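Please examine the sequence and the structure shown here before reading on.

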Amino acid sequence: MIDNIKNDLGQITHESLKHSFQHHLKYTLVDDKFSATKMDNFISLALSVRDRLAEKWLLTQQSYYENNVKRVYYLSMEFLIGRLLTNNLINLGIYDEYKLALEELGYDIHELEETEVEAGLGNGGLGRLASCFLDSIASLGIPGYGYGIRYEFGIFYQKIIRGYQVETADNWLRVGNPWEITRPRSLFPVKFYGRVETQKNSQGQLENKWVDTQEVMAMAHDIPIPGYKNNTVNNLRLWSARSSRELELELFQAGDYLQSVKNKHESEIISKVLYPADHNELGKELRFKQEYFFISASLSDIIRRYKKQHDNFDQFSEKVAIQLNDTHPALAIAELMHVLLDIENIPWEKAWKVTVNTFAFTNHTILPEAMEKWSLDLFKRVLPRHLDIIFKINQMFMDQVAERYPGDLGKMNRMSIIEENHTKYIRMANLSILGSHSTNGVAELHSSILREKVFPDFHEMFPNRFNNKTNGVTPRRWLKACNPELSNLITDCIGNSWVRDLSKIIKLQDHIEDSQLRNRWRIIKTNNKKRLAKHIQDTLNLTIDPNSLFETQIKRIHEYKRQVLSVLHAIALYNRIRKNPGHYTSSRTILFSGKAAPGYAMAKLVIKFINSVADKVNDDSSLQGKLKIAFLPNYSVSLAEKIIPAADLSVQISTAGMEASGTGNMKLSLNGALTVGTLDGANIEIMKEVGQENIYIFGLNAEEVQNKKQSGYQPRDIVKQNLELKEVLSMVQKGFFSNSHQDLFQPILENLLNHGDPYMVLADFQAFCDIQNEIGQAYLDTDTWVRKSITNVSRMGAFSSDRSIKEYAKDIWNIPVNSDK
């Protein structure tokens with residue numbers, strides 16, 4: 001039987017796939033069809049699929065060594081990979097074969113797909129982008145690796161209890177992860193604390209030694225990342241923390257059982273949770289240690305791999321490209337300098353040149369509070385040698401700035417890596433820009449704001465380092481996998497080349513006059529809405545009308561993303577329908593989903609606000625079902641895969657100038673939703689592609705936002721002039737949506753009325769209501785709406801992550817891409 005399984009790996013037949021599945025059920029899980037659970041069956045299936053990945057995986061890595069290729073390493077604190085079964089089967093090109101094989105064995109592949117536990121390795125757009133990029137890197141045949149942390153409990157599992165977000169542990173590894181290969185031999189020590197000792201070597205030169213350190217071991221866990229229907233299977237390597245001393249036996253034998261495992265507990269806590277709350281010093285230190293833990297282990301692994309074929313570092317930056325996904329991995333710059341200087345004994349000038357030529361930095365934010373910085377005291381205590389290196393980097397840079405801009409102390413202060421306030425900090429964004437040969441934003445507007453407003457001094461000094469790489473999404477997961485009916489319709493219409501090259505989807509435009517296409521398109525959207533409606537009924541016990549307009553705002557909960565603006569409009573719409581129900585001939589369902597950071601009190605209050613308004617609206621029979629509001633808990637990739645194909649309207653209403661790019665806007669448009677949004681992030685580029693007539697843009701632009709703030713904006717003046725808005729805010733203030741707790745939402749009102757409305761919610765309220773009225777009318781014209789939906793999909797070719805990665809490879813990594821891939 002085992003020999004048969006080995007032989008079957010080279011064959012893709014129904015019989016070979018059935019043999020493989022049954023083999024793992026019997027010999028790996030030691031189970032049979034009579035006692036196996038759904039999870040047992042899923043694991044057997046996953047292991048069977050992994051077998052088919054393994055051969056290509058090994059051959060891919062061997063080919064990289066044989067051809068001595070340049071490799072790209074993508075360092076990210078998050079990889080929101082989602083469920084992998086469907087994606088792996090599609091990319092291997094054997095989904096239909098497995099589906100039929102399982103049917104012959106009496107199993108439903110869709111049921112097994114739903115059984116998979118989603119990996120808790122990310123939170124939002126940052127981690128999902130990283131996962132789309134890994135898919136594209138593999139699909140383009142680029143030698144690439146992802147590096148991150150194998151979080152034992154992810155960020156958190158979100159429950160909604162009495163309208164409030166309640167965080168519980170996301171124990172996603174409780175049944176193991178059948179996709180990963182644990183590599184105990186790939187174990188690297190990571191050092192913390194200690195002190196720096198300076199002494200002369202045998203040549204009389206001063207050497208710095210980092211001594212008296214504490215060690216944590218980093219163990220590798222590998223997840224295969226297959227390209228789409230090619231022979232490339234790349235690797236995502238995640239690190240878990242292990243103690244260098246599992247058990248203090250002497251203490252254990254003396255009966256001090258807790259103390260005997262204290263070291264193990266303190267070491268392994270590093271990889272327990274993504275983004276531990278950092279409102280206290282212990283939380284800050286844990287986050288800091290997490291960042292250094294994963295970049296230290298990753299660089300050790302990268303250098304180990306490089307040294308297999310090179311005995312010096314002369315070609316390091318020609319063979320290694322490291323992309324920093326935001327500032328979380330920025331410590332890698334100081335770490336590589338530490339390795340080159342203190343371990344490899346390379347002179348400073350050469351080490352710095354190698355470092356700068358190796359690293360590239362992607363910035364994902366312009367919000368000042370999101371610009372990562374660490375206190376000097378924390379740095380000195382945890383990483384004393386790296387602080388010394390950063391001091392020297394900064395001093396040499398400040399000398400260059402002073403020489404080029406003599407007497408300009410303001411410029412020196414802005415560009416310094418050290419923030420000289422009452423408490424001194426290390427600015428990680430400044431370190432990232434200085435230690436990288438490329439700094440890119442992720443949308444045209446975002447990149448221009450970085451150059452002109454956030455880092456103008458750096459751009460002036462290093463103009464060639466700044467560039468734009470607009471984000472993208474993989475069409476394999478975000479159309480072919482998540483929306484199979486629509487995917488099949490598109491393929492029937494224009495062929496399947498769009499899956500590999502999304503620019504080919506423009507051919508749909510040639511068929512827009514085909515009434516059969518438009519009719520099938522409408523039916524598929526309705527089917528997707530019915531499936532989502534059933535999910536909402538099953539999870540929330542809320543009945544919604546599949547024929548209503550599905551308006552979706554699904555993203556991380558944050559004030560600048562302005563979920564509050566959507567809620568205020570919902571209240572206004574609620575009041576209008578109550579006063580004149582006969583005027584509204586169509587119904588609307590407003591869907592929210594997203595997590596708030598555990599320490600972000602205002603965002604958590606916004607979730608309660610959404611749910612309180614939803615409760616009042618959904619219980620009001622006078623509306624005759626014409627308005628429903630739902631908050632879907634525990635937003636995730638798999639939940640997004642249910643919502644996005646069903647969406648009619650994509651709400652992308654961040655305060656102009658504050659959203660870096662957004663990728664949810666791309667996914668929703670790719671699945672036929674029309675966008676209502678501000679001129680922010682990638683909305684601007686989507687508008688250019690789909691045309692102004694096929695998108696709903698409203699509100700202040702980025703320049704107008706700044707002008708309004710600088711001209712003494714008074715939000716109360718807006719309220720005085722807008723009776724509808726005044727009524728909406730009065731209802732909130734008087735406790736209409738909070739029952740006995742009248743002041744519950746007072747902090748939201750305070751922000752809007754007394755703290756300057758910093759996110760321009762009230763300033764954009766009327767414009768949002770007006771555009772929503774226009775949308776409501778447009779939705780009544782079904783045929784025109786479907787035409788706009790088809791147009792949106794057909795013009796999304798520019799927003800493939802394949803296009804993004806080709807640009808990174810050409811402009812930043814200097815890695816060739818096969819034009820046929």
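The questions and answers below concern two loop residues and one sheet.

This is a predicted model, in which local features need pLDDT of at least 70, side-chain atom pairs count only at pLDDT 80 or more, and totals for chains, interfaces and linings use all residues. Residues are numbered from 1 along each chain as its sequence is written, and side-chain values use heavy atoms, with hydrogens and water left out.

Reader: Between which strands does Tyr-193 lie?
Author: Strands (E, at least two residues) and helices (H or I, at least four) are DSSP runs, numbered from the N terminus. Tyr-193 is not a glycine, yet it has a positive phi of about 65°. Its loop lies between strand E5 (181–192) and strand E6 (195–200).

Reader: Is Asn-634 buried or exposed?
Author: Asn-634 belongs to the loop between strand E19 (627–631) and helix H26 (637–643). Buried means under 20% relative accessible area, exposed over 50%, and partly exposed in between (1.4 Å probe, protein chains only). With a relative accessible area of 15%, Asn-634 is buried.

Reader: Which are the edge strands of the open sheet in the order E12-E14-E13?
Author: Two strands pair if DSSP finds at least two bridges between them. The 3 strands of this open sheet have antiparallel pairing. Each edge strand pairs on one side only, and these are strand E12 (373–375) and strand E13 (418–420).

Reader: What is the bridge partner of Lys-373 in E14?
Author: E12 and strand E14 (residues 424–427) pair in the antiparallel sense over 3 bridges. In E14, Lys-373 has as its bridge partner Arg-427.
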